[in-house]
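Please look through the model below slowly, and keep it in view while you read. The paragraphs that follow begin with a pair of helices and then move outward to the rest of the chain.

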Amino acid sequence: MTEDQLNSMPNMATGTGKSDHMRTRTARREQVKERLFKVSRVLVPTDYSDNADKALVLAAGIARQFGAELLVIHAYHMPFTDEHMPPDMVKELLDAQKLRADDEMKQYEQKHVSDLGDTKVQFRALMGFASEAILDIARHEQADLIILGTKGANSIEDRMFGTVTWNIIKQSDIPVIALPDVAEPVQFRNLMVPFEGTEQDYDIISYLLGFAAKFNATLHAVHFMQDNNTYNKSLIDKLQSGFRKDIEAERLQLHFLAEKNITEGIKKFASRNQIDMIGMVTHNHGLFSTIFHMSVTRNIALYSQIPLLAYNCDKL
């Protein structure tokens with residue numbers, strides 16, 4: 001069955017009553033929407049690269065939409081020391097490193113603070129390994145969202161920062177937006193989220209609908225079928241019924257496509273539909289062990305030129 005045939009199918013769900021199970025599921029969906037609407041703090045790691053600057057601009061725009069504040073951080077490494085150094089020398093090295101890091105961050109703040117308008121923002125330098133430091137401060141400061149670029153400042157960091165980005169996405173319970181080195185500013189008009197055909201689809205889609213609503217964007221929810229001749233009619237009926245209002249208001253479009261290579265399917269759909277951001281969940285159970293394996297999310301995060309919003313639906 002083709003995509004057009006599936007999209008043109010009438011709503012087959014009937015009846016006006018809702019079971020207790022449906023009420024519970026609908027209530028859960030509304031709670032997930034509210035979770036995104038209440039974003040209050042956005043963490044923005046920077047390595048002072050051009051793409052990190054773009055991530056800061058993107059974060060400022062999102063913060064304005066949600067009425068949130070920004071916390072901009074730079075993680076710097078501990079200076080080289082050895083066990084034979086006297087304690088005073090070690091302290092001197094640590095103090096000097098901190099002074100340099102604080103000075104760099106102060107210059108960065110002076111350079112960018114005028115671009116952030118009236119958004120409340122803090123700038124902070126801290127010592128530690130990048131991914132660990134970022135995740136630690138995100139938890140400590142109760143950040144609701146992490147936004148970072150996916151390219152570093154020089155040839156060494158270019159190779160390493162991708163690993164930092166992926167480690168953060170893989171380990172974070174907090175949603176992460178990974179911004180590739182794009183030429184044009186990101187405008188959220190069309191968002192995409194693949195879904196796997198389980199009860200969690202309501203949470204997965206609802207979360208992105210909450211984000212899309214803030215930018216008056218359309219969400220394209222895409223289910224990839226491995227066999228072109230079969231589809232889950234029950235799944236279609238449930239989604240059409242559960243998201244009736246969103247579909248009628250053209251805030252949500254459901255797509256059912258035949259595609260065995262999920263990564264390529266995502267990229268092709270994104271290209272055809274001018275997708276501005278792809279949402280991917282990061283839990284690894286159910287069909288994600290085969291269809292939506294974490295490697296798919298990793299490939300989209302590191303090798304796609306489209307921003308990625310990665311989130312662990314179990315932790316929302």
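Two residues are said to be in contact, or to meet, when heavy atoms of theirs lie within 4.5 Å. With that in mind, turn to helix 7 and helix 8 of this predicted model, where Asp 201, Tyr 202 and Ile 205 in helix 7 meet Leu 235, Lys 238, Leu 239 and Gly 242 in helix 8. Sorted by class, the residues of this contact are 4 nonpolar, 1 polar and 2 charged.

How are two such helices placed relative to each other? Two packed helices are described by the angle between their axes and by the distance between the axes. Helix 7, which covers residues 201-214, and helix 8, which covers residues 233-242, pack at an angle of about 40°, and their axes are 12 Å apart. An angle under 35 degrees would count as roughly parallel, while the range from 65 to 115 counts as roughly perpendicular, and helix 7 and helix 8 are therefore oblique to each other. As helix 7 passes helix 8, the crossing is right-handed.

A second pair can be read in a similar way. Helix 3 (residues 50-66) and helix 4 (residues 87-112) have axes 12 Å apart and pack at an angle of about 55°, which makes helix 3 oblique to helix 4. Their crossing is right-handed. On the side of helix 3 the contact involves Ala 52, Asp 53 and Leu 56, and on the side of helix 4 it involves Tyr 108, Lys 111 and His 112. These residues divide into 3 nonpolar, 1 polar and 2 charged.

From these pairs we can step back to the chain as a whole, which has 11 helices and 10 strands. Of its 316 residues, 50% count as buried, a word that here stands for a relative accessible area under 20%. Among the contacts in the chain with a separation of 6 or more, 81% are accounted for by residues 24 or more positions apart.

Ile 205, which we met in the contact of helix 7 with helix 8, also has a place in the interior. The largest nonpolar core has 55 residues, and of these Ile 62 and Ile 205 touch the most other members. Once residues up to four places away in sequence are set aside, Ile 205 touches Val 193, Phe 195, Leu 219, Ala 221, Leu 239, Phe 243 and Leu 252. There is also a second, separate core of 38 residues, which includes Ile 168, Ala 178, Ile 278 and Leu 308.

Two residues in strands show what buried positions can look like in detail. Val 176 is in strand 5, which spans residues 176-179, and because its relative accessibility is 1%, Val 176 counts as buried. Apart from its neighbours within four places in sequence, Val 176 is in contact with Leu 145, Ile 146, Leu 148, Ile 168, Ile 169, Leu 308, Leu 309 and Ala 310. The C-alpha atoms of Val 176 and Gly 279 are separated by 9.9 Å, although these residues are 103 residues apart along the chain.

His 220 is found in strand 7, and with 4% relative accessibility His 220 counts as buried. Leaving out residues up to four places away in sequence, His 220 touches Asn 190, Leu 191, Met 192, Val 193, Gln 253, His 255, Phe 269 and Ile 275. From C-alpha to C-alpha, His 220 and Leu 209 are 9.6 Å apart in space, and they are 11 residues apart in sequence.

Finally, consider some details of the backbone. Which residue lies in the loop between helix 7 and strand 7 and has a positive phi? In that loop, before strand 7 at 218-225, sits Asn 216, whose phi is positive at about 55° although Asn 216 is not a glycine. Asn 216 is exposed, with a relative accessible area of 73%. Tyr 48, in the loop between strand 1 (41-45) and helix 3, likewise has a positive phi, near 70°, in a residue other than glycine, but at 24% relative accessibility Tyr 48 counts as partly exposed. A further positive phi, of about 55°, is taken by Gln 142 just after helix 5. Within helix 5 itself, at residues 130-140, the buried residues include Ser 131, Ala 133, Ile 134, Leu 135, Ile 137 and Ala 138.

Technical notes:
Residues numbered from 1 in each chain as written. Predicted model: local features only at pLDDT ≥ 70, side-chain atom pairs only at ≥ 80, totals over all residues. Heavy atoms only, no water. Axes fitted to C-alpha atoms, helices over the stretch in contact; angles between N-to-C directions. Helix = DSSP H or I, 4+ residues; strand = E, 2+ residues; numbered from the N terminus. Parallel < 35°, antiparallel > 145°, perpendicular 65-115°, else oblique. Left-handed = near helix turned anticlockwise from the far one by under 90°. Nonpolar A, V, L, I, M, F, W, Y, C, P; charged D, E, K, R; others polar. Core = buried A, V, L, I, M, F, W, Y, C linked by side-chain atoms within 4.5 Å. Buried < 20%, exposed > 50% of the residue type's maximum accessible area, 1.4 Å probe, protein only.
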